[in-house]
Amino acid sequence: MSSPWKNQHHPQARAAILAAIVLAIAALFAAAARADRPYAPSRDYHLQNVRVSLRFDLDQRKVIGEVTHTLSTLRDGLTHLDFDCAEITVSSARVNGKDTTFELRDNKLRVNLAQPAKSGEKFDVNLRYEGKPTSGLYFILPDKDDPARPKEIWTQGEAEDTHHYIPIYDYPNDRTTSEMILTVPGDWLTVSNGKLLSVQDAAGGMKTWTWRQSLPVSTYLISFVAGEYKEKQDIWRNIPITYYVPRGMEDTIDSTFSHTKQMLDFFSERFGVEYPWEKYAQTAVDDFVAAGMENVSATTLSARDMVRAELAAEKAEAADSLLSHELTHQWFGDLVTCKDWTNTWLNEGFATFGANLWEEHEYGVDASSYRYWRDQNNWMPSKELFPIPIVTRDINDSVEYVGNVYDKAGWVLHMLRSQLGDDAFFRAVKHYLEANRLQNVVTADLVKAIEESTGTNVDPFFDQWIYGAGAPRFVVKSDYDAAAKKISLNVKQTQKVEGHVGLFRVPVNVAITTAGGEKVFPIEVSKSDETFSFAVDGRPLMVLFDKGDKILRSLDFQKSPEEWIRQLQTAKDVPDRADAAVALGNIKDNDAVTAALGEAARRDRFWGVRNEALRALGRVNSPNARKQVLASLSNDQPWVRQVAVEQMGHFQNDEETIKRLQAIYKDDKTYSVRGTALQSLAQDKGSGTAALLEKALSTSSPDDVLRRASLRAMGMLGDNEAVPSLLEWSSPGKPSSLRGIAIGALGRVDLKNHDITARLISYLNESSFDIRFASIFALGRRGDPTAIEPLEALLKTGNLSISVPHSVEGLIEQLKGQSAAHKDPPPIPAGDQKISDTSGAGNNQIVVDRLDRLERQMTEMNDRLRKIEASLSGGKSD
Ligand SMILES: [Zn+2]
């Protein structure tokens with residue numbers, strides 16, 4: 001893309017601002033004293049019950065609490081009891097009703113015992129305390145910019161943040177029952193774990209809510225939500241089912257939660273174990289630090305992920321993926337819980353797998369196999385994730401939280417299912433749940449359960465997929481010997497064998513279609529280079545290696561355009577057709593290819609293949625490809641039409657395209673497609689677009705779909721006339737999701753205007769992570785050296801930290817390498833920039849390109865973090 005930095009400022013100033021940005025981003029993402037320990041600590045005691053009473057001082061954002069721990073000791077001679085405790089001031093400690101001494105040091109509260117205890121002795125430890133937590137418990141309150149917003153208090157315990165609002169044993173390797181007693185304003189609702197025992201009037205118009213969780217759970221799964229919420233009640237098999245949203249979001253309840261009871265039926269049957277808790281509540285909260293969290297019987301969800309009634313028809317699967325993920329956790333994670341974070345995949349892999357099971361059940365196997373195909377294509381190129389095993393103790397250096405324990409682990413369970421067969425696999429799942437019910441587990445417990453219930457020894461499978469890293473990168477060539485009627489298939493595993501990555505031994509189905517029909521040959525691949533041979537009854541029309549994509553892998557299989565076209569048109573499984581669409585997108589100037597892609601874009605029986613065909617046409621980017629895309633605008637599903645309209649942004653300077661886009665913006669019945677049309681118009685730089693965007697900005701739409709699109713498009717268009725509108729929408733008081741986009745767009749317009757820079761600098765001090773993040777990048781794009789000092793000042797404030805997975809650190813390292821670019825440009829992929837150009841301007845072009853790419857990656861990362869639940873504690877929220 002074109003660079004706003006060219007010939008703007010002195011190269012050294014640009015290098016300095018880039019360095020400052022790198023450091024600021026590093027600070028934004030630096031893990032704040034990571035609490036998650038890879039080994040479970042040894043225990044001095046077993047918690048039996050935790051009884052917590054909480055009150056709140058909203059003005060001071062303070063929690064005032066009292067907790068009574070009932071516990072029994074696990075060793076002789078204990079002179080004190082330690083609890084995890086952070087950001088909390090303890091005013092009194094009593095053991096068995098008697099005052100005792102205590103001390104607080106290094107996030108531990110040590111409560112002294114009157115005399116050394118024996119193993120098995122029982123104690124009641126009562127603590128009174130207060131605190132102003134910055135993690136674990138969050139106050140969302142009205143302020144001058146948003147005086148009408150609902151008041152909310154919510155918690156997020158995972159990974160180890162419960163001890164920021166309750167002094168408690170805060171690691172998964174113990175389980176306790178709990179009581180949560182909340183005194184809140186009389187018009188509030190509260191939600192916590194287990195059963196609601198009572199709601200009683202309290203002094204000053206307050207009410208006291210008492211919840212009891214009667215089956216033992218790990219303490220990171222304790223939670224509550226309290227505030228100005230609206231509720232809808234339902235019932236399933238005599239269990240209360242409740243949905244809560246912040247006041248004002250009532251219209252999202254039915255469009256978001258309508259499948260809940262079917263999901264409960266489905267999972268109870270599929271897992272072979274009935275839903276285990278006394279109720280199921282799902283609560284949407286504002287500014288949540290994750291997309292969802294599987295608190296026991298009381299899932300917390302981000303209000304951002306709720307589905308507006310008016311937009312329901314535009315979403316392919318509503319919020320089902322998030323809801324089914326969290327619901328699966330009620331079995332995997334909550335009923336059976338990982339003993340330590342090293343084994344987190346037993347929670348997250350199953351939850352990812354469970355969501356895909358639901359998708360298969362509700363939306364069909366095409367939809368779920370398309371999801372696996374996309375996950376595979378996202379995961380395989382990841383340099384950070386590839387060399388790291390799913391189970392590793394090396395938590396501090398690893399990025400496994402994001403990519404491996406979710407998507408890769410889900411894939412591994414998917415492979416295990418296909419290799420064991422449904423019968424054996426689900427028998428093993430049931431046995432694993434029953435044998436470990438209300439227990440904490442490690443990976444070996446799953447291996448044992450599988451072997452006990454099916455007789456199959458899965459050690460080799462786990463060694464390569466769970467304790468080993470990577471996946472096969474296949475390069476396959478086929479050759480037909482017409483005289484001998486034989487096909488020989490050369491298979492190479494090209495992944496670099498080093499560290500934890502080895503050669504894989506995998507079962508693979510090779511499907512060969514001739515005029516006589518399809519024949520499937522099961523083979524086992526295990527070597528770095530081997531050749532298989534198959535007898536056939538005639539010339540092969542189509543050869544599929546790993547038919548249906550049953551193995552997590554990449555595949556480079558050289559085929560002719562005719563073979564790919566046949567595969568796109570006739571392969572039975574979605575992944576094989578999608579592979580063909582991708583391959584055909586790399587073939588330019590071939591009318592038959594373009595026509596076949598157009599045909600698939602209009603008529604493939606599954607929408608995902610239609611989307612892949614459209615994307616391929618966008619890459620082909622020829623006049624013919626354009627015709628094909630325009631001809632597929634009549635697709636019924638908005639999520640396909642949207643991809644078509646997106647591709648139209650690739651066809652620049654074409655009057656017809658621009659006219660069509662304007663008409664789509666005006667007439668399409670879905671907001672998402674109309675919004676995408678605005679962005680494509682901006683990319684195409686059509687005349688009259690600036691005025692159209694201004695008009696769209698004043699148009700109301702659900703979730704501000706059109707405003708968001710037009711702000712983003714204003715940045716793409718880069719027209720200085722948009723500045724007043726962008727400044728207005730970037731201002732405090734506007735909804736923060738719109739502000740973030742407006743700020744991003746300000747990074748691309750009127751670059752010599754120092755007033756814009758000054759405005760962006762003023763946003764660096766705001767509490768919202770999103771606003772700071774957007775402002776840093778926008779300043780980076782503007783390249784105005786007056787931003788350096790404020791960025792450095794931001795670093796010194798030290799309160800930037802937000803715990804996020806370490807994958808980001810790789811990106812930062814990459815950029816750090818960049819900041820020295822004016823001396824020694826690192827190699828970059830061909831096509832990005834001429835490497836030979838080492839003049840100041842050229843190097844800064846490289847830097848800008850890198851920054852662009854980093855911003856895209858970081859934005860995707862940010863979205864991704866939202867979409868997965870917090871496996872790490874969130875940072876300070878706004
Ligand atoms: Zn999860």
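**Buried cysteines, aromatic pairs and a helix serine**

Cys 85 counts as buried, because its relative accessibility is 1%, under the 20% cut-off. Cys 338 also counts as buried, at 0% relative accessibility. The model is predicted. Disulfides number 0 in the structure. A disulfide would require two cysteine sulfur atoms within 2.5 Å.

Aromatic contacts were examined next. A search of the whole structure returns 37 aromatic pairs. One of them joins Tyr 45 and Phe 83. Their ring centres lie 5.6 Å apart, and the planes meet at 40°. This geometry is classed as tilted. The pair links distant parts of the chain. Tyr 45 belongs to strand β1, residues 45-57. Phe 83 belongs to strand β3, residues 78-84. The two residues are 38 apart in sequence. Both Tyr 45 and Phe 83 are buried.

A further aromatic pair is formed by Tyr 275 and Trp 331. Here the arrangement is edge-to-face, with 5.7 Å from centre to centre and 75° between the planes. Tyr 275 lies in the loop between α3 (260-271) and β18 (280-285). Trp 331 lies in the loop between α4 (320-329) and β21 (336-338). The pair therefore ties together parts that are 56 residues apart in sequence. Tyr 275 and Trp 331 are each buried.

Tyr 275 and Trp 331 also belong to one aromatic cluster. Its other members are Trp 236, Phe 266, Phe 267, Phe 271, Tyr 280, Phe 332, Phe 350, Trp 358 and Tyr 432.

Two of these cluster members, Phe 267 and Trp 358, are in contact with Ser 324. Ser 324 lies in helix α4. Ser 324 counts as buried because its relative accessibility is 0%. Beyond its neighbours within four places in sequence, Ser 324 also contacts Met 263 and Ala 355.

Charge placement over aromatic rings was also considered. The charged end of Lys 559 sits over the ring of Phe 557, at 4.3 Å from the ring centre. Lys 559 also lies over the face of Trp 564. For Trp 564, the distance to the ring centre is 4.9 Å.

Methods:
Residues are numbered from 1 along each chain as its sequence is written. This is a predicted model: local features need pLDDT of at least 70, side-chain atom pairs count only at pLDDT 80 or more; totals for chains, interfaces and linings use all residues. Side-chain values use heavy atoms; hydrogens and water are left out. Buried means under 20% relative accessible area, exposed over 50%, partly exposed in between (1.4 Å probe, protein chains only). Rings of Phe, Tyr and Trp (its six-membered ring) pair if their centres lie within 6.5 Å; planes under 30 degrees apart count as stacked, over 60 as edge-to-face and the rest as tilted. Helices (H or I, at least four residues) and strands (E, at least two) are DSSP runs, numbered from the N terminus. A charge sits over a ring if NZ of Lys or CZ of Arg is within 6 Å of the ring centre and within 35 degrees of the ring normal. Contact means heavy atoms within 4.5 Å.
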